[in-house]
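Q: How should I read the ligand site and the enclosed spaces of a model? Take me through it step by step.

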Amino acid sequence: MFSSRTSWNFSANDLTKKKAELFQNGRAILDLTETNPTKSGFSFPFTEILSSLSHSENIFYSPNPKGNLQARETICNYYTARNISVSPEQIILTSSSSEAYSLLFRLLCNVGDEVLIPKPSYPLFEYLAEINDVQTKYYHLEYDGSWKIDVENIKENISEKTKAIILVNPNNPTGSFVSNEEREKIFSIAYQKSISIIEDEVFADFRFQILARSAGGLDFRLHKPPSSNHKPLTFLLNGISKTLALPQMKLGWIVIDGDDELQREAIARLEILADTFLSVNTPIQNALPELLLFRKEIQEQILLRIKSNYDLLQRIMFNSQCSILNGEGGWSGIIQIPKIVSDEQFAIKLLQQENVFVHPGHFFDFEKDGYIIVSLLPQKEIFEEGIMRLKKFVEENFN
Ligand SMILES: Cc1ncc(COP(=O)(O)O)c(C=O)c1O
């Protein structure tokens, strides 16, 4: 009765089963995978956030497939603060960046067409591609003290069917930003081959260094536009699930850029795709101008947390059998562990012995064992205790 694209394996993996079992037995688990910012003990301006949703205009339905103009103008101001010039005409609102991916796959790909995605990265893109009948091919990020995109690998993996290269900037969980040099090369390849770029920058505002350099001052000069006029068709994805740490509010956006004619055509087609669903609710669109005023206040708290947890991670693991891979930002940390058992077995044993929950590297498509991933969002007490237990666990079991 069902489509083959939904014939998933529903059985839980061993790690998830173990977690559920321990939880049922009443064990208090330190969850170092928690990336839900609404459950991480931040003190956001809750009253103001809630009152922004009671705009008197919310009672009227005035659908606009691109999203309401004021909300789009507010997003332009967000980019102006980052020294990026964007017009409201280039923006389409979506209910999330995940939905934005779906619309873009519908826009760009026929059944069986391909998109290139980074490896390692967040395990979302394959599902989004699969449910839109799109094939994924990987390109590698290599680590040699810092993460670099293997641009040659991108070239090797381009085929007649490739419709888009997905850049995740910064990537999750590596926390690595796309360098200007990488951007120049990849944009040039995409332009020559008439392939679009989908640039996911949902974590762009969370760069560790900014805090160190300017004590919380936010500097948003992330994008150096490609120096040539030969711009590929580009779709920039972002949203308030990370930018304002409000995933429950469901608002994302796409900024469309590139050669004038292609850009116009892409916007016209996307407008009809968006019009088919009109999925972005009115209250959040009306609230956006007010909500974005809290960006600095919200982001400063998160930046402080991720930076101090990252520092803590490095300090605790200094001179241990584990090392921390260098990241530049984002909400995750990568810990290199002794490669004696598989990452999955390591995570299960750690959970069983120390009640600490982490993600094995393969969850994020690490090809080799020897890595676990932790979220940098948990409150200090939880994070510090969890990492101390992890260190003790490694000392006791892998010496
Ligand atoms: C890199 C990246 N892009 C997109 C998303 C999805 O974000 P949204 O909540 O806007 O759908 C995630 C989720 O964590 C992510 O890590």
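A: Start with the polar contact: a pair of N or O atoms within 3.5 Å; within protein, one must be able to donate a hydrogen and the other to accept it, and residues adjacent in sequence count only if both atoms are side-chain atoms. Here a ligand oxygen lies 2.5 Å from a side-chain N or O atom of Ser-97. For Ser-241 the distance from a ligand oxygen to a side-chain N or O atom is 3.0 Å. For Lys-242 it is 3.2 Å.

Q: What ground rules apply?

A: This is a predicted model: local features need pLDDT of at least 70, side-chain atom pairs count only at pLDDT 80 or more, and totals for chains, interfaces and linings use all residues. Residues are numbered from 1 along each chain as its sequence is written, and side-chain values use heavy atoms, with hydrogens and water left out.

Q: Which residues are around the ligand?

A: A residue is near a molecule if one of its heavy atoms lies within 4 Å of it. The residues around this ligand are Ser-96, Ser-97, Ser-98, Tyr-122, Leu-124, Val-168, Asn-172, Asp-200, Val-202, Phe-203, Ser-241 and Lys-242. Helices are DSSP runs of H or I, at least four residues, and strands are runs of E, at least two, numbered from the N terminus. Helix 4 (97-108) and helix 9 (240-243) each give at least two residues to the shell.

Q: Where does the ligand sit?

A: Rolling a probe the size of a water molecule over the atoms shows where empty space is left. On a 1 Å grid over the protein atoms alone, a cavity is a set of points where a 1.4 Å probe fits but cannot get out; a pocket is an open set with protein on both sides within 12 Å along at least five of seven lines; lining residues have an atom within 4 Å of a point. A molecule sits in one if more than half of its atoms lie within 2 Å of its grid points. This ligand sits in the largest pocket.

Q: How many cavities are there?

A: Grid points are joined across faces, edges and corners, and a volume is the space filled by probe spheres set on the points. The count is 2 cavities of 30 Å³ or more. The largest holds about 80 Å³, and the second largest about 40 Å³.

Q: Which strand gives the most to each lining?

A: For the largest cavity, strand 5 gives the most, with 3 residues. For the second largest, strand 11 (residues 332-336) gives the most, with 3 residues. Trp-147 is among the lining residues of the largest cavity and also among those of the second largest.
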